Amino acid sequence: MKYHKLYSDPDGESHWKIVEVPLEEKSFAPPAKSIEVSRPDAVRQMLFLRLRAGWNEPVHPTPVAQKLICLAGAVRVTTSDGMCQDIGPGDVWHMQDTHGKGHHTVVTSDCDFEAVIIQYD
């Protein structure tokens, strides 16, 4: 498994990085058979988000460290260094560019973009 990580370097420039999630076989829900799971992340809250088709925001940093899991629709996210990443159903986007120049997001699908957000801070 992997996710798309958006982060800021010390100069405030935002960048993309692909992160592989390590999984380990464990007894997760005894007496069920062992399954492959990752280490848990402590989180603060979870919420749902909808961006209407055609939505186009100004450039900004993320307000808190958070992960977004896309349920429907698609967005294109552009970092301050000019790299684009398309996020669609099933993709996980870890936003960690809480300072600096930020990123630009635009809905590219004909339908609304719907997601779950998991916040850490």
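In what order do the 3 strands of the open sheet stand, and is their pairing parallel or antiparallel? The order is β8-β7-β10, and the pairing is antiparallel; here two strands pair if DSSP finds at least two bridges between them, and a strand is a DSSP run of E with at least two residues, numbered from the N terminus. Because β8 (84-87) and β10 (103-107) stand at the edges with a single partner strand each, one side of each is left without a neighbour in the sheet. Neighbouring strands of this sheet are turned by 20° against each other on average, direction ignored, where the axes are lines fitted to C-alpha atoms and angles run from 0 to 180 degrees between N-to-C directions.

The structure is a predicted model, in which local features need pLDDT of at least 70 and side-chain atom pairs count only at pLDDT 80 or more, while totals for chains, interfaces and linings use all residues. Residues are numbered from 1 along each chain as its sequence is written, and side-chain values use heavy atoms, with hydrogens and water left out.

The protein as a whole has 0 helices and 11 strands, and its C-alpha trace spans about 50 × 35 × 25 Å along the principal axes. Of its 121 residues, 36% count as buried, a term that stands for under 20% relative accessible area, with exposed meaning over 50% and partly exposed in between, for a 1.4 Å probe and protein chains only.

Within the sheet of 3 strands, β7 (residues 75-79) runs antiparallel to β10 and is joined to β10 by 5 bridges. V77 stands opposite T105 in β10, and R76 has V106 as its bridge partner in that strand. The side chains of β10 alternate, with H103, T105 and V107 pointing to one face and buried, whereas H104 and V106 point to the other face and are not buried. T78 also lies in strand β7 and is partly exposed, with a relative accessible area of 22%; its C-alpha atom is separated by 11 Å from that of K101, which is 23 residues apart from T78 along the chain.

A further open sheet is formed by 6 strands in the order β2-β1-β9-β6-β11-β5, with mixed pairing. Since β2 and β5 (45-51) stand at the edges, each with a single partner strand, one side of each is left without a neighbour in the sheet. The twist in this sheet averages 25° from one strand to the next. Strands of a sheet pair through backbone hydrogen bonds, either parallel or antiparallel. Inside this sheet β6 and β9 run antiparallel and are joined by 4 bridges, and K67 stands opposite H94 in β9.

K67 appears again in a contact with an aromatic ring, for K67 lies over the face of Y3 at 4.7 Å from the ring centre; such a contact is counted if NZ of Lys or CZ of Arg is within 6 Å of the ring centre and within 35 degrees of the ring normal. K67 is also one of the residues, together with V21, S38, R39 and D41, that lie nearest the centre of the largest pocket, which is lined by 19 residues. The elements that give two or more residues to this lining are β1 (2-8), β3 (24-26), β6 (66-72) and β9. About 630 Å³ of space lies in this pocket.

How is such a pocket found? On a 1 Å grid over the protein atoms alone, a pocket is an open set of points where a 1.4 Å probe fits, with protein on both sides within 12 Å along at least five of seven lines, and lining residues have an atom within 4 Å of a point. Grid points are joined across faces, edges and corners, and the volume is the space filled by probe spheres set on the points.

A search of the whole structure finds 1 aromatic pair. W16 and W93 form this pair, which is tilted, at 6.1 Å centre to centre and 50° between the planes; rings of Phe, Tyr and Trp (its six-membered ring) pair if their centres lie within 6.5 Å, and planes under 30 degrees apart count as stacked, over 60 as edge-to-face and the rest as tilted. Because W16 lies in strand β2 (residues 14-20) and W93 in strand β9 (residues 92-96), the pair ties together parts that are 77 residues apart in sequence. W16 counts as buried at 9% relative accessibility, and W93 counts as buried at 3%.

Two loops complete the tour. G12 is placed in the loop between β1 and β2 and counts as buried at 6% relative accessibility. P31 lies in the loop between β3 and β4 (35-37), and a cis peptide bond with omega of about 10° joins P30 and P31.
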